[in-house]
Amino acid sequence: MYLIFITISLYITFAKCMLREPEDMPKIRNFEANAPNATKIARECGLPDILIHAWICDPDKVLGLDTDVLAYINHLLNEIYTDTYCTCPLEELCKSKSGKKHGYFMAVAFVETMDIRQLSVTNDPKDAAQKFADKLRTEVWKLGKCKDDVILFFDNETGTFALSVGDHAKHIVTPCVSDYILNEAKELMDRREFEGGLKKIVSSLRDALLGRESSKAANNCDKTKWWHYIVIVLLVSMSTVAILVGCYFIHRLLTHVTSLVKDRKQCNNDDTELDENQDIDEEETADNVNRTQLLDRNNFS
C-alpha cells in the first residue's frame with residue numbers, strides 16, 4: 001500500500017513537471033489582450049505591493065529594478081498626473097473620483113516578447129510595437145478621459161520601444177518631441193540599462209508636459225518649427241519674385257510684339273498711300289499728255 005502511494009505521488013510530480021512551462025517562457029504572450037492595469041492591482045504587473053497606485057506594468061519582470069528605483073520612476077509618472085494642466089474640454093473630465101484635479105496620464109509597459117506576425121503585416125518590429133502601444137492605450141487601459149494619455153511600450157526580445165500619444169497630448173508631445181526623447185534614450189535602452197533609460201524618457205516627457213523651459217525636446221522642436229517657417233517664407237518669397245519677374249518679361253514681350261504689329265500696320269498704310277499717290281500722279285500725267293496733244297491738234301488745224 002505504501003509503495004502504491006509513493007508511485008502515485010511520483011507520477012503526479014512527474015506530470016506536473018512535464019506540464020509546467022519553462023522559466024524563460026514569457027508569462028503573458030498576448031499582452032495586449034489581457035494586459036493587467038498597474039493602476040488597479042500592482043501585483044499583476046510584477047510590482048511590489050508597496051506601489052499601491054502604480055503607472056508601471058512589468059508582468060514578465062523585464063526591468064529587474066529595485067523597489068526604491070521603481071518607486072522613484074513611479075513618482076515621476078505620478079507628477080505628470082498630479083502637476084500637469086488638464087486639456088479636456090469639460091471640467092468634470094479633469095477631476096478624479098475624489099474631486100481632485102489631474103492632468104495628463106502616462107504609463108509604462110514592458111514585456112519579454114510580442115507576437116510580431118499578429119501585429120504587423122510586414123513583420124516589422126517598429127510597426128508591431130507602435131500598434132501594440134496604440135491598442136494598449138485605446139482599447140485595454142483607456143487611462144485618458146479625453147485622449148490625454150501617453151503610453152511607453154518596450155519589447156525586450158527585439159529591443160523595440162514606442163510611444164502612443166492621445167490627440168490632446170499630441171499638442172505638446174508632437175511626433176518631433178517623441179522622436180527626440182526616444183532617440184536620446186535609445187543607447188541606454190539598447191544596452192538594457194532600464195533605470196537610466198526610463199528616468200531620461202519619463203523626466204523628458206514630464207518636463208515637456210509641464211511646459212518647462214528646461215525641456216530640451218520642446219526647445220529643439222520649437223527651433224525646428226522656426227526653421228520650417230523660415231524655409232516656407234523663403235520659398236513663398238522666391239516664388240513671388242519669380243512670378244513678378246515672369247510677369248515683367250511677359251509684359252515687355254507683349255509690348256514689343258504690339259509695337260511690331262503697330263509698325264507693320266503703319267508700313268502697310270504708308271505703302272497704300274504711296275500707291276494711291278502714284279496712281280494720282282499717273283492719272284494727272286495722262287491728263288496733261290492728253291491736253292497737250294489736244295492743243296497741238298488745234299494749233300495744227
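**A walk from the disulfides to the central strand**

Cysteine 146 has a relative accessible area of 10%, so it counts as buried, the cut-off being under 20%. That residue makes a good doorway into this model, which is a predicted one. Let's begin with the sulfur chemistry and work towards the strands and the rings.

How many disulfides does the structure hold? There are 2. As a reminder, a disulfide is a covalent bond between the sulfur atoms of two cysteines. Cysteine 146 is joined in this way to cysteine 88, with an S to S distance of 2.0 Å. The dihedral about the S-S bond of cysteine 88 and cysteine 146 is -85°, a left-handed link. Cysteine 88 sits in the loop between H2 and strand E2 (105–111), while cysteine 146 sits in the loop between helix H4 (125–141) and E3, so this pair ties together parts that are 58 residues apart in sequence. Like its partner, cysteine 88 is buried, since its relative accessibility is 9%.

The other bond connects cysteine 86 and cysteine 94, S to S 2.1 Å. The link of cysteine 86 and cysteine 94 is left-handed too, with -70° about the S-S bond. Cysteine 86 has a relative accessibility of 9% and therefore counts as buried, and cysteine 94, at 8%, is buried as well. Cysteine 247, in contrast, reaches 45% and is classed as partly exposed.

Now follow the chain from cysteine 146 into E3. Is this strand enclosed or open? Of the 7 residues of E3, 7 are buried, so the strand is largely enclosed by the rest of the structure. Its two faces are covered: Asp149, Ile151, Phe153 and Asp155 are buried on one side, and Val150, Leu152 and Phe154 are buried on the other.

What pairs with E3? E2 and E3 run parallel and are joined by 7 bridges. In that pairing, valine 108 stands opposite leucine 152. E3 and E4 run antiparallel, with 6 bridges between them, and here phenylalanine 154 has phenylalanine 161 of E4 as its bridge partner. The hairpin of E3 and E4 has 4 residues between the strands, and glycine 159 takes a positive phi near 70° in it.

Leucine 152 is a good place to look at packing. Leaving aside residues up to four places away in sequence, its contacts include Met106, Ala107, Val108, Ala109, Phe161, Ala162, Leu163, Leu182, Leu198 and Ile201. In soluble globular proteins, nonpolar side chains tend to be buried together. Here the largest nonpolar core has 59 residues, and Phe110, Leu152 and Ile201 are the ones that touch the most other members.

E4 also offers a polar detail. Serine 164 lies in this strand, residues 160–165, and is buried, because its relative accessible area is 0%. Which side chain does serine 164 meet in a polar contact? The partner is arginine 137, at 2.7 Å. Arg137 is also among the residues that serine 164 touches beyond four places away in sequence, along with Gln130, Ala133, Asp134, Asp149, Val150 and Ile151.

Finally, the rings. The structure holds 8 aromatic pairs. One of them is tryptophan 55 with tyrosine 81: the ring centres are 5.3 Å apart and the planes meet at 45°, so the pair is tilted. Tryptophan 55 belongs to the loop between helix H1 (2–19) and strand E1 (56–57), and tyrosine 81 belongs to helix H2 (residues 67–83), so the pair ties together parts that are 26 residues apart in sequence. Tryptophan 55 and tyrosine 81 are buried.

Another pair brings us back to E3. Phenylalanine 154 and phenylalanine 194 have ring centres 5.3 Å apart and planes at 75°, so this pair is edge-to-face. Phenylalanine 154 lies in strand E3 (residues 149–155) and phenylalanine 194 in helix H6 (residues 194–210), so the contact ties together parts that are 40 residues apart in sequence. With a relative accessibility of 0%, phenylalanine 154 counts as buried, and phenylalanine 194 is buried at 6%. Ring pairs link these two with Phe110 and Phe161 into a cluster. Two of those names have come up before: Phe110 in the largest nonpolar core and Phe161 as the bridge partner of phenylalanine 154.

Definitions and conventions: Residues numbered from 1 in each chain as written. Predicted model: local features only at pLDDT ≥ 70, side-chain atom pairs only at ≥ 80, totals over all residues. Heavy atoms only, no water. Phe/Tyr/Trp six-rings, centres within 6.5 Å; stacked < 30°, edge-to-face > 60°. Buried < 20%, exposed > 50% of the residue type's maximum accessible area, 1.4 Å probe, protein only. Polar contact = N/O pair within 3.5 Å; in protein donor to acceptor, adjacent residues only side chain to side chain. Contact = heavy atoms within 4.5 Å. Core = buried A, V, L, I, M, F, W, Y, C linked by side-chain atoms within 4.5 Å. Disulfide = S-S within 2.5 Å. Pairing = 2+ DSSP bridges.
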